[in-house]
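This briefing covers enclosed spaces and the overall build of two of the chains. Please read it alongside the sequence and the model.

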Amino acid sequence: MTELHLMTVAELSASLRSGAISSVELTRAFLARIERHQRELNAFITVSPDRALAEATRADERLRAGRGGALTGIPIAHKDIFCTRDEKTTCGSRMLANFISPYDATVVQRLREAGVVCLGKTNMDEFAMGSSNETSWFGPVRNPWDTARVPGGSSGGSAAAVAARLAPAATGTDTGGSIRQPAALCGLTGIKPTYGRVSRYGMIAFASSLDQAGVFALSAEDAALLLSAMAGFDERDSTSVELPVPDYVAELAQPLKGLKIGVLREFFQGLEAPIEELIRTALDALHAQGAVLKEVSLPHLPLSVPTYYVVAPAECSSNLARFDGVRYGYRCEKPRDLADLYQRSRGEGFGAEVKRRIMIGTYVLSAGYYDAYYLKAQQVRALIAADFERAFHEVDVVIGPTTPTTAFALGAKTQDPVTMYLNDIYTIGANLAGLPALSVPCGFAGELPVGLQIVGPHFAEGRLLNVAHQYQRESDWHLRVPRGFG
Amino acid sequence: MAWDSVIGLEIHAQLSTRSKIFSGSATTYGAAPNAQANLVDLAYPGVLPVLNAEAVRMAVKFGLAINARVARRSVFARKNYFYPDLPKGYQISQYELPIVSGGAVDIVLEDGVVRRIGITRAHLEEDAGKSLHEGLAGLTAVDLNRAGTPLIEIVSEPHLYSAREAVAYLKKIHTLVRYLGICDGNMQEGSFRCDANVSVKPRGSEKLGTRAEIKNVNSFRYVERAINYEIARQIELIEGGGKVVQETRLYDPDRGETRSMRTKEEANDYRYFPDPDLLPLEIDQPYIDAVAATLPELPDQKAQRLMSEYSLSPYDAGVLTTSMELADYFEVVVRDLGGQPKLAANTVMGELSGLLNRDGVDISQSRISPGSLARLLARVVDNTISGKIAKDVLEAMWDEGREADAIIEARGLKQITDESAIEAAIDRALAANPAQLADYRAGKEKLFGFFIGQVMKATGGKANPARLNELLKKKLGG
Amino acid sequence: MSITREQLESIARLARLSLSADEAPQYAEGLSRVLALVEQLQGVDTRSVIPMAHPLPGQRARLRTDEVKETDQHELYQRNAPQVEAGLYLVPRVIE
């Protein structure tokens, strides 16, 4: 039998339900791996062995009673941006380093109800702002494929954890690519659903009109299992959509014949040759399965990065105003007066990237600049969304690279914020337009994983997972394990 | 130099919903500190707002009552600033697209002149919590029970030209929101608050002067005083060569003056932008029609009807319709009395209101029911007692909780109408005061009243005034 | 698009972020770079384009029934509070 940590969620689920393994055994195995590799990777901020084992025990009882569902007893990790009751939720920040949430995020609650076991909370870029997991108060996360390199961000901890097989799946959030980009850099399947598909209640807000919760997994099938449990209307989130959740697993098997794939001209501009080659090979493979390739153009897409870096900071500058040292969170020592309380609690509690984005956001919303920056950006956003909409009249999905490069070295891009921002050049568009998108591994360039991005129209998660699944039936990139973690 | 003053009022009325505008917390006044502040109200990380349907309905009701435009599409915006009683660091309000715009109310001034006061807009927003500064050395305490209570902010056009007009407008809106049942209007508890923007300009000048904002004045009387003080202050300042600064001021009722608030650091740049957590509010015609169908008879309509149905003066109709309960009370009295609206109006507005005020009680808690009052007034109409005696009976009814007839009986207050009895009393009075009688015959006609008084005294006030008058005239006439 | 020292200080004040003299130049530099990136938007023709505040088209506000659903849980919620007394949150004195 395959080693436990190399099994997919689907395989583990079958074994748990057949009684071949127990959740406690499985949980112990992953906890041991986490401990073994924590110093090396720093993927976790909090590990909860006691709670996890208690949950596993309960899961085993349900399994034995024949009341187990697809996810009962499956250990997973949660990105430390999801509030977990009675457990620390830090958001990778000093500001919340000791914050114990009194409530569970809807995502956490739903997955718990589906029977998962929570191993712990994963490391992340502070307040989800970053593309390399180097801004965390708790130190950087390292890529299991090459520990001198970044795993991507902001959900770097979840990506590293799953890639290193410390958990078979982990939740993440994606505002500009924070699931897809780390998934690409770590050789995983990572999906960001349509905006409004998964509840944002309890997910600490960065940019409210862009944030979405999603998942990292070893396969599209696993992602489908997890997304099924996470998705659905939540009355506590006004932007949550009241549409029924389709059976994502059932849709996986649909053949690709006749699928119209848009190959995005703008995606291939300036792309490094090895990556371009892998993408084209993947497209050929899909074509061989019966898909039809068609070139499409989204002329405003190259404006996604500047658009995003107006909208996201603007929203975050407002969302992070609640962190003021009054009701929870970090408070500076001996505040002289109220102004000092605010300024130093926030100045000391937040890291540099967060402060930078708050300041950009404050600036672009301020009197005299609102029209030129914020309003303008929202208009360009509308143009980008319209481009996608037009494309989706002609094609079913748009495919291209997830990232412009493979994993870069720690410290390589921290000098100039803009250099870091350009990592999201292919992913941001989907967030601006609220579209579902995922990344699947499609090969290696210089021994480092490369990701293939699939973007679809609103609520086409099932289709995206279907395409990814069919691709994975005829490739094995997603089964590769980094050296030392097998 | 003659000066004109221009005033605009911003009224914040708390909507009397059961729960808050964006959370399911209770809105009742006076709870223990932070007992009614949930995770959303406390702005915990990860929480989100969900809009209260009743708050929307109440705002639409208000818009219809002032003949305003109800927006088919309105947007919630974030007003960003830092203050301890503002947990999110922003207030959810409405900015470019408010739910209500335009509209007007009519105010009647003392001389009977009617002025139409335009309303620029009314929008929905959430209230902040309370900061308490007293009693804690070097600290401020924050209670967030109030944070998230729904407010409607009503902004008038700068159409008010005196403190009196401003108060008349304020009272009109106060009456209106109570009629609509959307706000209890309790100024002491802070459910109805007013900020006044005041400026002055040379008479006849078109250009408006710089305005100062007087914040949070919590009684009609203080509003009038504060505005008058501010107008005088500005005039004095300008005449002395100074310039009015655009600033926020507080009214100090003890000193009777307005004071500049220490400016909150930067002049506030609120950086308004549409709240991404809330989708645009869309209202269609069927919804508006359904709300319109629930509108009660509004104050102006009711006043018009009272004037035409009961021939009341505009003044009387205005006073009676200050509250729906008062007007309803009046109408029940007239119905039970089978007429006599003027008598009913005078009693309700006069003696009864006096008792309500004395005991600090609202008409809805009157210790005398309209039926009982009607029965008392019936005794005046049928001459059982005089109007003067009736006032005493009314007070006794209030204090003792008994019906008029019981009190009249018990105290033997029935009016003396018997002519011979009155004549006898007159004869005694004339006989007892020969000097005054001589003076009267000599031409001092005013002494007529003296003799009326003497007879009244002797009869314990029970002589029927009309009869007495008639008979005394006859006797003295010769 | 360069950020001046004054602008930076003004922004930091609005955002209630302490900024030391040493840090200021680096933030000014970083902000200036981002604003240079963002300048690209200026050249785009956006005449009569409706700004997109929400990513999904045609969505409208959902309304909640007016009912009280909460109980007093202030003790639980105040466990995270840096300074509370008698149920009240405490901050340095605010002068009005």
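The second largest cavity holds about 110 Å³ of space. The model is predicted, and the values below are computed from it. The cavities come before the two chains, A and C.

**Second largest cavity**
- The lining consists of Ser48(A), Arg51(A), Glu55(A), His78(A), Thr84(A), Glu87(A), Asp104(A), Val108(A), Arg112(A), Val116(A) and Cys118(A).
- Two elements of chain A, helix 3 (49-64) and helix 4 (106-113), each give two or more residues to the lining of this cavity.
- By residue class, the lining of the second largest cavity has five charged, three polar and three nonpolar residues.

**Largest cavity and the full set**
- In total, the structure contains seven cavities of 30 Å³ or more.
- The largest cavity encloses about 160 Å³.
- It is lined by 22 residues, and those closest to its centre are Val40(B), Asp41(B), Lys88(B), Glu126(B) and Gly148(B).
- The lining of the largest cavity comprises twelve nonpolar residues, eight charged and two polar.

**Chain A**
- Chain A contains 16 helices and eleven strands.
- Why does chain A count as being as compact as a globular protein of its length? Its radius of gyration is 21 Å, and the globule rule gives 23 Å for 486 residues; the two values are close, so chain A is as compact as a globular protein of that length.
- The C-alpha trace of chain A spans about 65 × 55 × 45 Å along its principal axes.
- In chain A, 69% of the 486 residues count as buried.
- Of the contacts in chain A between residues at least 6 apart in sequence, 76% are between residues at least 24 apart.
- The exposed area of chain A is about 14400 Å², with 50% of it supplied by carbon and sulfur atoms.

**Chain C**
- Three helices and three strands make up the secondary structure elements of chain C, and their order along the sequence is α-α-β-α-β-β.
- What radius of gyration does chain C have, and what would a compact globule of 96 residues have? Chain C has 23 Å, whereas the compact globule would have a value near 12 Å.
- Taken along the principal axes, the C-alpha atoms of chain C fill a box of roughly 55 × 45 × 25 Å.
- Of the 96 residues in chain C, 46% are buried.
- Chain C exposes about 5300 Å², and 48% of that area comes from carbon and sulfur atoms.

Key:
Residues are numbered from 1 along each chain as its sequence is written. Chains are lettered from A and ligands numbered from 1 in the order in which they are written. This is a predicted model: local features need pLDDT of at least 70, side-chain atom pairs count only at pLDDT 80 or more; totals for chains, interfaces and linings use all residues. Side-chain values use heavy atoms; hydrogens and water are left out. On a 1 Å grid over the protein atoms alone, a cavity is a set of points where a 1.4 Å probe fits but cannot get out, and a pocket is an open set with protein on both sides within 12 Å along at least five of seven lines; lining residues have an atom within 4 Å of a point. Grid points are joined across faces, edges and corners, and a volume is the space filled by probe spheres set on the points. Ala, Val, Leu, Ile, Met, Phe, Trp, Tyr, Cys and Pro count as nonpolar, Asp, Glu, Lys and Arg as charged, and the others, Gly among them, as polar. Helices (H or I, at least four residues) and strands (E, at least two) are DSSP runs, numbered from the N terminus. The radius of gyration is taken over C-alpha atoms; the globule rule is 2.2 Å times the number of residues to the power 0.38. Buried means under 20% relative accessible area, exposed over 50%, partly exposed in between (1.4 Å probe, protein chains only). Contact means heavy atoms within 4.5 Å. Accessible areas come from the Shrake-Rupley method with a 1.4 Å probe; for residues, only the protein chains shown count as cover.
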